[in-house]
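Reader: Could you please take me through this protein chain? I should like to begin with the overall picture and then turn to some details.

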Amino acid sequence: MLPNKSLATLGNTAFFALLVSVMVPPNMPYQVFMFAITTVVLGLALGWALACAGMAAALAARDQTLLKETLQRTAASAAGLANPDALFQNAIFNGDFLDTRSTVVFGVFLGFGCFIFALVRAYAPKLTIMSVFGTIAIDIFCSFGPLFPFSQYTLLNSLLTAVACYIAIALVFITLLFPESLNHSYLSSAVELLDKFKGILAMQEEVLSSDPHDVGPGTPIANKTDMARITMIQQLQQLMGQKQFLNLEFSWGRWNGDDVKDMLDPMQVVATRLGALNGFARVMTNSLAVADHQTEDTASVSDAGTTGTAVDDTILLRQFRERNLAAESEYRVRLVDVLPSVRESTADLRAAGVAVLASLKDLIIAVNTNRYKRGHALQDARLAELDKALITLRAALEEFKISKRLIILQPYQAMLQQAESGALNKFPLRGLYISYVFAANLIAVSNGIISLAEDVNEIAMKRQHARLWAPKGLRAIGKLLRSRRGAGEDAVGEDPEPEEVVESEEKREYKLDPDSRPPKNVLQRFANTLHAMYKWGKTPEALFTARYVVVTIALWIPSVVKSSAHFAYAERSVWALIMAQTTMNIYASDQVYNYAMRLGGTFVGAVLGMLCWYIGAGHGNGNPYGLATIVAVFLLPLVFLRNFAPPQYLVAILMVGATFVLVVGYSWIDGNLPHLFQNVGIGWSVAWRRWVLVMIGSAASFILMMLPPKSGRKAVRLRNASVLSGISYLYSHLTSLWLSADGPFDRAADGKDGDVPHKWPADLRAKFLTLANQLQDLRMRTAMSKWEGSIRGAWPVEDYNKLLEAESDMLSSLVLLGGALANLDPDLRKATLPYTHVLNPHFISDVVSMFFLISQSLRTGEPLHQAQYKNLADRLHYHGGYAVIGSTADAVARKTRLRQSLTSYEYMFYATAVVAVLQMAQALNDARTIVADLCGEVPLAGFERWREEYDRAHSLA
């Protein structure tokens, strides 16, 4: 842009090369950059194609008689002038050749093109960059195209040339100077993920060494474990989002794309299990846990050591809790008393797991950083270290299964001996059950680490020599483009999960239309299609698309009206049009957030641009050497922030960079490129115009936003309802697997008698990840919704954050349940089914009913009822207390067998499954209380007093 020859070649939009470098910097592997820049080119090409089609149609619709008269009149005015071309150019941009019919055709194509790009933004956030650049292309073409009396299909040549120059320069840099394959980048990210695995596993030593009261919510340890889990999930999602590109490149190394992708599934398993293990701190400190159930299956699984009352405690629950706490103190088996035994028994196993993860990390680093070395001595050494660590882990795991796990039972030996002799009938086992939760999770994590290490070891043994790997699997790109989430930079403030997507799979499968049956003939299908289109027309995405088109046409009109055409061109009104489109969002909260980020970024960028220009150019037009020096200095922090700024501030950084480029670029072009028509000026002149046009565009989009506003807060409420429904279906599915006649994760032989064949654990893992992604999106949506302000009253964001925490706890508990069922011995499971009170059909009905009640209350905004049960622990005790099965002799024999099984290896997973259900039920109690605070609760006069009297009359003697 600085040399005169290249400036003359690039033309009046030469700055666009620098602008694209800010939007899509070449800081990524080759093929990822190619994908990103291809979306830019596709957007520009699609916008250009639609605009050219519009110009062809507009020229055909133009009034030829009027055109001939205007041309003759202009030619007569130019007769005898020294420069008739200047007069002709002035007539074009004064709007002398505007034609109503031609302009209308341009408007139709502009509206249609913007409709397409708005749909892309709404339903494919990964293609937001394509949508933005496509909109820019069609905006520019359709704003200036109607002014010309003849075909000008090359209006965008200058812009496209600048983009092509940037692409060429970027490709040279990332290919020759800073080359990096995605294979290398992916393995580096995998190393970072393994490091996070190692950190979480090592962190459990600090958790087990702490007092349970010191790891509660808000404490340093709790914050540390939560942050470790969040960063692990984010790193895993980044890997999952990039895997489609792995086979789309030429790469040199030992491992190909398939080898690298083969690690992903076992790493997902390890991440899921580590997430459950990392949640042990929550299990320890849950102050509202379900009270202990004094029966053989749920004995003493009570709240996490607090004496406070739970939600809507009854006399029965308080009696159980008081007796349990007294017994724990008497036998010295409180949670704080048994944690040292857990720490001692699992120390070797945890250390062995950390050592294997460290060896895996070293092996992958050796493979990744020695791609061009002929020998494989370093890889062989790392393989030997991994084999040694793996042998140690297997030995530690076997030792724990046989003997070390019995250390956990040492605090209970005296109590169990009394029970065996018949001197003690019921005893507190809460601490043992919680200890079993940690032990069972650690075993699952260790098995996952062993499986991962074996897979990596097999790949490394198979791939001893480096070679060139060719690309394959191009069809994966289409799947990636259709997905809504991934590792790409989704536009901040854009909605990654449209409302219909968050509806659970099961709900869509079984949901029926209560107003009509499925269509059977052509007429009914046509009417049903119209009805679906009508329903879509009321969605937030459809309303956003309509607003997008309306604001585009409204701000485009001054450019094609004769009285304002020259003013619009001279002042670059197309900037206002582009700003109005880019600030438009689906929800009002996102749009307000965008205003804050974009206006702030524009102001800072304008100040920096003027500062840079006047330092480098003074009061003149500048020189290339001085301006190059000062721009390089200013670009350093801008590029750094563009590459490393947190995602929530990325929009502001982009606007700072874009405005800086526009101010400096336009100033240089207008001062140094001759024969420009209607310069916008230099320095201050550019900056204030940019600011005013940004404000005009923002004001226009704000007006459209208010007609009518689409609240993001309502979306938060509805999506919480959908997430609760999804969790309820997941609970139902896991309970069905627990109750199934075959093994917990075996596929049924057939689907007879109405039984639906069960799915494999991979499908369950996909359900867990889907809900985890929805919760992560919901957190972002909740934070964004605060930008709507408090016009009608304060928004209870704290309650929604608490509800999110309760939903996260439910999901974590179900992850725990799934892991326990996967390892639960089928014989033990079948033997305990009739006596497992968390599987009491009435209790299951109560849990599902509560899920439905609170989800429906959130969905409709209707209040709950006071008489509805509020504490599932009470329902568990009620159903368990009246569940009498078999004779007294059978019950005694059953209790004896179950007490003996307490010391068995398999019982750990059974206890873990029971605790997981109880923890989920407790979180569901909390969610019910929060929803009652949000939506209200209908009172029943006298109900609380009568229930208290009734419970007191029927309480335990």
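Author: What follows is a short conversation about the fold, the aromatic rings and one charged residue. This is a predicted model, in which local features need pLDDT of at least 70, side-chain atom pairs count only at pLDDT 80 or more, and totals for chains, interfaces and linings use all residues. Residues are numbered from 1 along each chain as its sequence is written, and side-chain values use heavy atoms, with hydrogens and water left out.

Reader: How many helices and strands does the chain have?

Author: The chain has 37 helices and four strands. Both are DSSP runs numbered from the N terminus: helices are H or I with at least four residues, and strands are E with at least two.

Reader: What percentage of the residues is buried?

Author: Of the 957 residues, 53% are buried. Buried means under 20% relative accessible area, exposed over 50%, and partly exposed in between, with a 1.4 Å probe and protein chains only.

Reader: Now the rings, please. How many aromatic pairs are there?

Author: There are 22 aromatic pairs in the structure. Rings of Phe, Tyr and Trp (its six-membered ring) pair if their centres lie within 6.5 Å; planes under 30 degrees apart count as stacked, over 60 as edge-to-face and the rest as tilted. Phe15 and Tyr666 make a tilted pair, with 4.8 Å between centres and 40 degrees between planes.

Reader: Which parts of the chain does the pair of Phe15 and Tyr666 tie together?

Author: Phe15 is in the loop between α1 (4–10) and α2 (16–23), and Tyr666 is in helix α27 (residues 650–672), so their pair ties together parts 651 residues apart in sequence. Both Phe15 and Tyr666 are buried. They belong to one aromatic cluster with Phe16, Phe133 and Trp575.

Reader: And are Phe640 and Phe644 buried or exposed?

Author: Phe640 and Phe644 are both exposed. They lie four residues apart in helix α26 (residues 624–644), about one turn of the helix.

Reader: A change of topic: where is Asp99?

Author: Asp99 lies in the loop between α5 (84–93) and α6 (100–123). Asp99 is buried yet has no salt bridge, a term for a side-chain nitrogen of Lys or Arg within 4 Å of a carboxyl oxygen of Asp or Glu.

Reader: Which side chain of opposite charge is nearest to Asp99?

Author: That is Arg101, 4.6 Å away. Lys and Arg count as positive and Asp and Glu as negative, while His and the chain ends are not counted.
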